[in-house]
Amino acid sequence: MRMSKIGYFSEFLLFPPFVLVATLLAFRDSTASRIVIWAIVYCIGLVAWTLIEYLLHRAFFHHAPILARMHERHHHSPQDLIGTPAWASVLIALTAVVLPSVAMLGFDLGTAVTAGMVTGYLWYVFVHYTAHHWRPRKGSYLYSARLRHARHHHHSPAGNFGVTTDIWDRVFRTALSVNATGPVIIK
C-alpha cells in the first residue's frame with residue numbers, strides 16, 4: 001500500500017523500543033556465558049532474516065496472487081513509498097517470529113533471535129529505501145546494493161531477490177550480472 005514517509009518509517013519508532021525492553025528483560029540475571037550465547041543466537045536471527053527476505057521476495061512478492069499485484073505496483077512506481085503498514089508488521093512479527101521463537105527457545109533466546117530478525121528487517125527497509133531514493137558513494141555497500149536492486153527492477157524480475165545481500169541469490173543461482181547483451185543469471 002502507498003504510504004507517507006512517516007508511515008513508511010514508523011516501524012523504526014515501534015520495533016526498537018520493544019526489542020530493547022525485551023532484551024533488557026532477557027539480561028535481567030545473565031552470566032557472561034549466557035550473554036555470549038544470546039549474541040550468537042542474535043546473529044543467527046540476523047542471518048535468518050536475510051534468507052527470509054530472499055524467500056519472501058522471490059516466492060511471495062512475485063508469485064502469491066495478492067502480494068504479487070501489490071509488489072507489481074512497486075515495480076511500476078519504485079519512487080513511491082509502498083510497503084506494509086506498521087500495525088501489520090507488528091502482527092506478523094508477533095505471530096510468525098516472537099511467539100514461535102519464545103515457544104521453542106524460551107524467553108531469553110527467543111528474544112535474541114527476534115532481536116536479530118528485527119534488526120535485519122529494519123536494515124532491509126533502510127537499504128531498500130536508499131536503493132530507490134539516495135545516490136550512495138560509488139564503491140560503497142549501499143551503492144552495490146542499489147545497482148543489484150536496480151538490475152532486478154529494470155533488467156529482469158527473475159533474479160536479484162536479495163536487497164541487503166546477494167548471498168542467497170548466489171546460493172540459489174538467481175544472481176544477475178549485466179553484460180554487453182543484457183542481464184544474465186550467474187551460474
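Which element gives the largest share of the lining of the largest pocket? I started my notebook with that one, and I kept in mind that this is a predicted model.

**Entry 1: the largest pocket**

I looked up the lining and found that α5 supplies the largest share, 12 residues. The pocket itself has a volume of about 890 Å³. I count on 31 lining residues here, and the closest to the centre are Leu56, Phe61, Thr84, Ser89 and Tyr121. Helix α5 has company: α2, α3, α4 (65–76) and α5 each give at least two residues to this lining. By class I noted 21 nonpolar, 8 polar and 2 charged residues.

**Entry 2: the second largest pocket**

Next I checked the second largest pocket, with a volume of about 270 Å³. Its lining has 15 residues, and Phe18, Val19, Leu94, Val98 and Thr114 lie nearest the centre. The elements that give two or more residues to it are α2 and α5. Again I wrote down α5 as the one that gives the most, with 11 residues. How many charged residues does this lining have? I found no charged residues there, just 12 nonpolar and 3 polar.

**Entry 3: α2 against α5**

Since α2 and α5 kept turning up, I looked at how they pack. The axes of α2 (residues 11–26) and α5 come within 9 Å and cross at roughly 160 degrees. An angle over 145 degrees counts as roughly antiparallel, so I put these two helices down as roughly antiparallel to each other. The contact between α2 and α5 has 18 nonpolar, 3 polar and 2 charged residues. I also noted that α2 passes α5 in a left-handed crossing.

**Entry 4: α5 against α6**

Then I followed α5 to α6 (residues 141–154), where the axes come within 9 Å and cross at roughly 75 degrees. That makes α5 roughly perpendicular to α6. On the α5 side I listed contact residues including Trp123, Phe126 and His132. On the α6 side they include Tyr141, Leu142 and His153. I sorted this contact into 7 nonpolar, 5 polar and 1 charged.

**Entry 5: cavities**

Last, I looked for enclosed space and got 2 cavities of 30 Å³ or more. The second largest cavity holds about 30 Å³. Which residues line the second largest cavity? I wrote down Ala26, Phe27, Ser30, Arg34, Trp38, Asp108 and Leu109. Two elements, α3 (32–60) and α5 (86–133), give two or more residues to that lining. The classes come to 4 nonpolar, 1 polar and 2 charged.

Definitions and conventions
Residues are numbered from 1 along each chain as its sequence is written. This is a predicted model: local features need pLDDT of at least 70, side-chain atom pairs count only at pLDDT 80 or more; totals for chains, interfaces and linings use all residues. Side-chain values use heavy atoms; hydrogens and water are left out. On a 1 Å grid over the protein atoms alone, a cavity is a set of points where a 1.4 Å probe fits but cannot get out, and a pocket is an open set with protein on both sides within 12 Å along at least five of seven lines; lining residues have an atom within 4 Å of a point. Grid points are joined across faces, edges and corners, and a volume is the space filled by probe spheres set on the points. Helices (H or I, at least four residues) and strands (E, at least two) are DSSP runs, numbered from the N terminus. Ala, Val, Leu, Ile, Met, Phe, Trp, Tyr, Cys and Pro count as nonpolar, Asp, Glu, Lys and Arg as charged, and the others, Gly among them, as polar. Axes are lines fitted to C-alpha atoms, for helices over the stretch in contact, and angles run from 0 to 180 degrees between N-to-C directions. Angles under 35 degrees count as roughly parallel, over 145 as roughly antiparallel, 65 to 115 as roughly perpendicular and the rest as oblique. A crossing is left-handed if the near helix is turned anticlockwise from the far one by less than a right angle, and right-handed if clockwise. Contact means heavy atoms within 4.5 Å.
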